[in-house]
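Biologist: Please give me a close look at a single part of this model, starting on the inside. I'm new to this, and plain words would help.

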Amino acid sequence: MGHKRENRLLPWDNDVDMSINQDQLDKLDQFYAALKKAGYRVRTRRFNETSEFFIKGNIRMIKIREKRFFGMIKGAVCLDVFIKYQHGENSYWEIDNKTKFVPSKFYSTFASISFKDFDYKIPALTDEYLTYRYGDWQKQVKDWDTSKDDNAIA
């Protein structure tokens with residue numbers, strides 16, 4: 001959202017959040033290998049129990065950090081990758097022990113944005129997606145809390 005609204009990363013945010021759909025999980029081995037080769041620490045978090053939308057043992061999210069002191073101490077989180085699982089017309093994921101969902105239509109077509117000489121895929125319906133999640137996303141809210149303010153909480 002910061003890039004779309006302000007053409008920059010949000011200075012008060014300490015990481016970048018991304019997501020992939022469950023049908024892209026077969027690409028993770030290559031992704032892990034590239035990150036580890038670049039010197040990052042990669043940790044996979046899985047679901048601890050089966051629920052209406054998730055299966056115990058499936059990947060919930062991936063945390064990517066810088067390594068510090070020869071990998072003995074973990075650095076700050078620099079990237080969180082959330083895995084979204086489609087059920088019916090919606091895509092579901094979990095963060096902060098909260099199940100979230102948005103209509104899957106937001107992940108069916110994509111546009112590209114450029115940031116710092118890299119291209120990234122974003123939902124083609126970007127404004128609609130941001131409005132669905134954040135309401136008036138053009139208004140800056142520094143104390144926005146994903147576990148209570150997100151309109152995507154199930």
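Modeller: Let's begin with the largest nonpolar core, a set of 15 residues in which Ile59, Ile62 and Ile64 have the most contacts. To belong to such a core, a residue must be a buried Ala, Val, Leu, Ile, Met, Phe, Trp, Tyr or Cys, joined to others through side-chain atoms within 4.5 Å. Buried means under 20% relative accessible area, exposed means over 50%, and partly exposed is in between (1.4 Å probe, protein chains only). This is a predicted model, where local features need pLDDT of at least 70 and side-chain atom pairs count only at pLDDT 80 or more, while totals for chains, interfaces and linings use all residues. Residues are numbered from 1 along each chain as its sequence is written, and side-chain values use heavy atoms, leaving out hydrogens and water.

Which elements give two or more residues to this core? They are α2 (28-37), β3 and β4 (73-87), and β4 gives the most, with four residues. (Helices, H or I with at least four residues, and strands, E with at least two, are DSSP runs numbered from the N terminus.)

Now zoom in on isoleucine 59. Setting aside residues up to four places away in sequence, isoleucine 59 touches Leu25, Leu28, Tyr32, Thr44, Arg45, Arg46, Phe47, Ile83 and Tyr85. Contact here means heavy atoms within 4.5 Å. There is also a second, separate core of eleven residues, which includes Met61, Phe106, Tyr107 and Ala152.

Next, look along strand β4 to aspartate 80. Despite its charge-carrying name, aspartate 80 counts as buried because its relative accessible area is 5%. Not counting neighbours within four places in sequence, aspartate 80 is in contact with Asp15, Val16, Asp17, Met18, Met61, Ile62 and Lys63. Two of those names came up earlier: Ile62 in the largest core and Met61 in the second one. Another, valine 16, lies in strand β1 (residues 16-21); valine 16 counts as partly exposed because its relative accessible area is 33%.

Let's go on to the charged pairs. The structure holds four salt bridges, each being a side-chain nitrogen of Lys or Arg within 4 Å of a carboxyl oxygen of Asp or Glu. In one of them, glutamate 94 pairs with arginine 60, with the closest N and O atoms 3.9 Å apart. Glutamate 94 is in strand β5 (residues 90-95) and arginine 60 is in strand β3 (residues 59-68), so this pair ties together parts that are 34 residues apart in sequence. Glutamate 94 counts as buried because its relative accessibility is 16%, and arginine 60 counts as buried because its value is 16%.

Aspartate 150 forms a salt bridge with lysine 100, and their closest N and O atoms are 2.8 Å apart. That pair links distant parts of the chain, 50 residues apart: lysine 100 is in strand β6 (residues 98-103), and aspartate 150 is in the segment after α3 (126-134). Both aspartate 150 and lysine 100 are buried.

Where else does aspartate 150 take part? Its side chain meets that of arginine 133 in a salt bridge, at 2.5 Å from N to O. Arginine 133 is in helix α3, and the two partners are 17 residues apart. Arginine 133 is buried too, like aspartate 150. Put these salt bridges together, and their shared partners join Lys100, Arg133 and Asp150 into one network.
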